[in-house]
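Trainee: Hi! Could you walk me through this one before I set anything up?
Mentor: Happy to, let's bring it up.

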Amino acid sequence: VVRVAVARESHGYTFDIVEGSNDNDRAFEDKGVKIVCDPVSYLYLAATTEVGFDAGQGGFTFSPPTLKP
């Protein structure tokens, strides 16, 4: 499970690999990867974030939307 959070103050993102989700998390899946985030981050991520895996780069690719202040 990939946990993603939007850091609105810095216009950035954080993500970690976690075992599961919290009770208030929102979840979605992209290309077989389960993504969880808090309800506010979900508003930014749900419709536009793409997650992939690049074996040549040795890990996940993460293409989030552009945040607007």
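Mentor: Below we go from the overall fold to the sheet, and then to a few side chains.

Trainee: Okay, what kind of model is this?
Mentor: It is a predicted model, so please treat what I tell you as computed from that prediction.

Trainee: How many helices and strands are there in the protein?
Mentor: There is 1 helix, along with 6 strands. Going along the sequence, they come in the pattern β-β-β-β-α-β-β.

Trainee: And what share of the residues counts as buried?
Mentor: Of the 69 residues, 29% are in the buried class. The protein exposes about 4,700 Å², and 49% of that comes from carbon and sulfur atoms.

Trainee: What about contacts between residues far apart in sequence?
Mentor: Taking the contacts with a separation of 6 or more, 32% are between residues 24 or more positions apart.

Trainee: On to the sheet. In what order do the strands sit?
Mentor: The order is E2-E1-E4-E3, in an open sheet of 4 strands with mixed pairing.

Trainee: Which strands stand at the edges?
Mentor: E2 (12-17) and E3 (26-30) do. Each has a single partner strand, so one side of each lacks a neighbour in the sheet. From one strand to the next, the twist averages 30 degrees.

Trainee: Mixed, you said. Which sense does each pairing of E4 have?
Mentor: E4, residues 33-37, pairs with E3 in the antiparallel sense, over 5 bridges. With E1, E4 runs parallel, and 2 bridges join them.

Trainee: Is E4 largely enclosed or left open?
Mentor: Largely enclosed by the rest of the structure, because 4 of its 5 residues are buried.

Trainee: Can you give me some bridge partners to click on?
Mentor: Sure. Between E3 and E4, Arg26 has Cys37 as its bridge partner, and Asp30 stands opposite Val33. On the E1 side, Arg3 stands opposite Val36 of E4.

Trainee: How many residues are between the strands in the hairpin of E3 and E4?
Mentor: That hairpin has 2 residues between its strands. Have a look at Lys31 there, which takes a positive phi near 50 degrees.

Trainee: Let's go back to Arg3. Where does it lie?
Mentor: Arg3 is in strand E1, which covers residues 2-7. Its side chain makes a polar contact with the side chain of Asp25, at 2.6 Å.

Trainee: What else is Arg3 in contact with?
Mentor: Leaving aside neighbours within four places in sequence, the list includes Thr14, Phe15 and Asp16, then Val18, Gly20, Ser21 and Asn22. Asp25, Val36 and Cys37 are also among the contacts of Arg3.

Trainee: And that Asp25, is it buried or exposed?
Mentor: Buried. Asp25 has a relative accessible area of 13%, and the cut-off for buried is under 20%. Asp25 lies in the loop between E2 and E3.

Trainee: So a buried Asp in a loop. What else does its side chain meet besides Arg3?
Mentor: A polar atom of the Asp25 side chain lies 2.7 Å from the backbone nitrogen of Asn22. Not counting residues up to four places away in sequence, Asp25 touches Arg3, Val36, Cys37 and Asp38.

Trainee: There's an Asp23 in that loop too. Buried or exposed?
Mentor: Asp23 is exposed, with a relative accessible area of 85%. Like you say, Asp23 belongs to the loop between E2 and E3. The C-alpha atoms of Asp23 and Asp38 are 9.7 Å apart, with 15 residues of separation along the chain.

Trainee: Switching topic: how many aromatic pairs does the count come to?
Mentor: The count comes to 1 aromatic pair. The rings belong to Phe28 and Tyr42, with centres 5.8 Å apart. Their planes are at 65 degrees, and since over 60 counts as edge-to-face, that is what this pair is.

Trainee: Which parts does that pair tie together?
Mentor: Phe28 lies in strand E3 and Tyr42 in helix H1, residues 39-45, so the pair ties together parts 14 residues apart in sequence.

Trainee: And how covered are those two residues?
Mentor: Phe28 counts as buried, at 13% relative accessibility. Tyr42 is partly exposed, with a relative accessible area of 27%.

Trainee: Great, thanks, I'll start clicking through these!

Conventions: Residues numbered from 1 in each chain as written. Predicted model: local features only at pLDDT ≥ 70, side-chain atom pairs only at ≥ 80, totals over all residues. Heavy atoms only, no water. Pairing = 2+ DSSP bridges. Axes fitted to C-alpha atoms, helices over the stretch in contact; angles between N-to-C directions. Polar contact = N/O pair within 3.5 Å; in protein donor to acceptor, adjacent residues only side chain to side chain. Contact = heavy atoms within 4.5 Å. Buried < 20%, exposed > 50% of the residue type's maximum accessible area, 1.4 Å probe, protein only. Areas by Shrake-Rupley, 256 points an atom, 1.4 Å probe, with all protein chains shown as cover. Phe/Tyr/Trp six-rings, centres within 6.5 Å; stacked < 30°, edge-to-face > 60°.
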